[in-house]
Structures are given as C-alpha cells and as structure tokens.
Amino acid sequence: MLIASSFATASDNSPLQDFCVADPNGPVLVNGFACKDAKLVQPNDFFFSGLHLMGNTSNAVGSRVTPVTVAQLPGLNTLGISMARIDFAPWGINPPHTHPRATEILTVIEGSIQVGFVTSNPEVRLISKVLAKGDVFVFPEGLVHFQKNVGYGNAVAIVGLSSQNPGVITVANAVFGAKPDIPNDLLAKAFQVDVKVVDLIQSKF
C-alpha cells in the first residue's frame, strides 16, 4: 500500500512551498516554470481580470475560449489548477478536442449547451447530455470532448481544469492542419475516403 500510494498524485506535482510564481524569463529549464524570487512577488502575480468580458465569437466555429492558465496568471504555477470562460454564438461549437494533462469540469452560466465525450478504444462510446443554466458536467482527463450551443441566444460556460497548463489538441486541426501535412493517402485510408476529400479538408486548415 505504501508503494502504491506514492504514485497516487494529481496531474501536476504538489507544491513544496507556499507558492512558486512563474518566471517565464528564468534561465532554468524545468517541467513547468522556474520560480520568481519570492521577495519580488506582487499581488498582481495572483490576479487576472477579464472573465466578465464576452469573447469574440465571430469565427468559423462560433465560439471563443478565454483561458486563465499559468501563461495568463503566473501565480498558478505548481498549483495544479486553471480555468477558462467559453462564449458561444447561437449554434456555435467548441469542436472535438482533448486536454492531455487535465480533467475538465464545466458549469453553464447562460444558455443551453450540449456536451459530450467519447470513451477510449475499443468501445468508443459517446456520452452526451444537454445542460441548462447552473448544470455541471465533467470530462475525464485525455478524452475527446465537445460543447455545442443548442439555443437561439448566446451561451456562456466556465470551466475548471486540473492542471496549471492543461494543453489543448483540437482534433480537426491536429489531423488536417498539421505542419508539415500528414500524408493525404494515409488520412484517406484512415477515414476510408478518396484522397481528393482529404485534400479539400486539408485546404481549409
């Protein structure tokens, strides 16, 4: 039990001091960010303003994510948590994506949002639900998931993530927008479509 418990850690390592404000310009390369000198830490290192502002959803998918990770809030370094606001235009989507380093928990602030995630192979089961204002849904770490505004007005959600730097891999962008391109014949075989279909989709990314 002692050996097993030593491996039962969260996504990010636990801090070994009160705080470790990120120093993105630090000369030391570590898994995360080096610590800013504690004597130089200021209240603004633990502060972010802007989640009350609506994101610009005038884009192809009709949504905008406003992240609050260690990149925006240096005081999150080593704390194993972050958050984001997601704005949706009517029928806008947050396309299928995954967070390689975090579990995500979402609460609807305004509107009606369809959410879902897909389990891993071989079952590949879709687990989906329509949420109303005040509802909460959790997406397990690493699984492909999505959100869609199913209302006629704007929708807003707030999410929490179990990493200071959860990362995001949008499936369509990764598969069809990789640079250099993933070979089109490989994708055609994987998706069982004509190469011309792959070329068309890749041209959009």
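**Exercise 1. Work out what the chain looks like over residues 49–199, and which record entry covers that stretch.**

Solution. Over residues 49–199, the chain is 13% helix and 37% strand, with 42 Å between the end C-alpha atoms. Keep in mind that we're looking at a predicted model. Next, check the record: UniProt lists residues 49–199 as "domain: Cupin type-1", in an unreviewed entry.

**Exercise 2. Zoom out and describe the whole protein: which elements does it have, and in what order?**

Solution. Start by counting: there are four helices and 10 strands. Then read along the sequence, and you get α-β-β-β-β-β-β-β-β-β-β-α-α-α. For overall dimensions, the C-alpha atoms fill a box of roughly 60 × 40 × 40 Å along the principal axes. Now look at the contacts between residues at least 6 apart in sequence: 69% of them join residues at least 24 apart. Finish with the surface. Of the 205 residues, 34% count as buried, and the accessible surface comes to about 12,500 Å², with 61% of that belonging to carbon and sulfur atoms.

**Exercise 3. Is S82 buried or exposed, and what does its side chain reach?**

Solution. First, place the residue: S82 sits in strand β2, which runs over residues 82–88. Its relative accessible area is 4%. Buried means under 20%, so S82 is buried. Then follow the side chain, which reaches the backbone oxygen of S163 at 2.7 Å. Last, leave aside neighbours within four places in sequence and list the contacts of S82: V68, T69, L76, V159, G160, L161, S163, Q164 and P166. So S163 turns up both as a contact of S82 and as the owner of that backbone oxygen, while S82 itself is buried.

**Exercise 4. Find the residues that make a nonpolar surface patch with V138.**

Solution. V138 belongs to strand β7, residues 136–139. With 43% relative accessibility, V138 counts as partly exposed. That clears the cut-off for patch members, which is over 30%. The partners are I105 and V136, and together with V138 they make a patch of about 250 Å².

**Exercise 5. Where is G142, and which residues does it touch?**

Solution. Go to the loop between β7 and β8 (145–149), and there's G142. Its relative accessible area is 38%, so G142 is partly exposed. Not counting residues up to four places away in sequence, G142 touches T98, H99 and A102. For a distance check, take L79: it lies 63 residues from G142 along the chain, and their C-alpha atoms are separated by 19 Å.

Note on methods
Residues are numbered from 1 along each chain as its sequence is written. This is a predicted model: local features need pLDDT of at least 70, side-chain atom pairs count only at pLDDT 80 or more; totals for chains, interfaces and linings use all residues. Side-chain values use heavy atoms; hydrogens and water are left out. Helices (H or I, at least four residues) and strands (E, at least two) are DSSP runs, numbered from the N terminus. Buried means under 20% relative accessible area, exposed over 50%, partly exposed in between (1.4 Å probe, protein chains only). A polar contact is a pair of N or O atoms within 3.5 Å; within protein, one must be able to donate a hydrogen and the other to accept it, and residues adjacent in sequence count only if both atoms are side-chain atoms. Contact means heavy atoms within 4.5 Å. Patches are made of residues with over 30% relative accessible area and no salt bridge: like charges are joined within 9 Å, nonpolar side chains (Val, Leu, Ile, Met, Phe, Trp, Tyr) within 5 Å. Accessible areas come from the Shrake-Rupley method with a 1.4 Å probe; for residues, only the protein chains shown count as cover. A salt bridge is a side-chain nitrogen of Lys or Arg within 4 Å of a carboxyl oxygen of Asp or Glu. UniProt positions are given in the numbering used here, feature names are shortened, and annotations may be inferred rather than shown by experiment.
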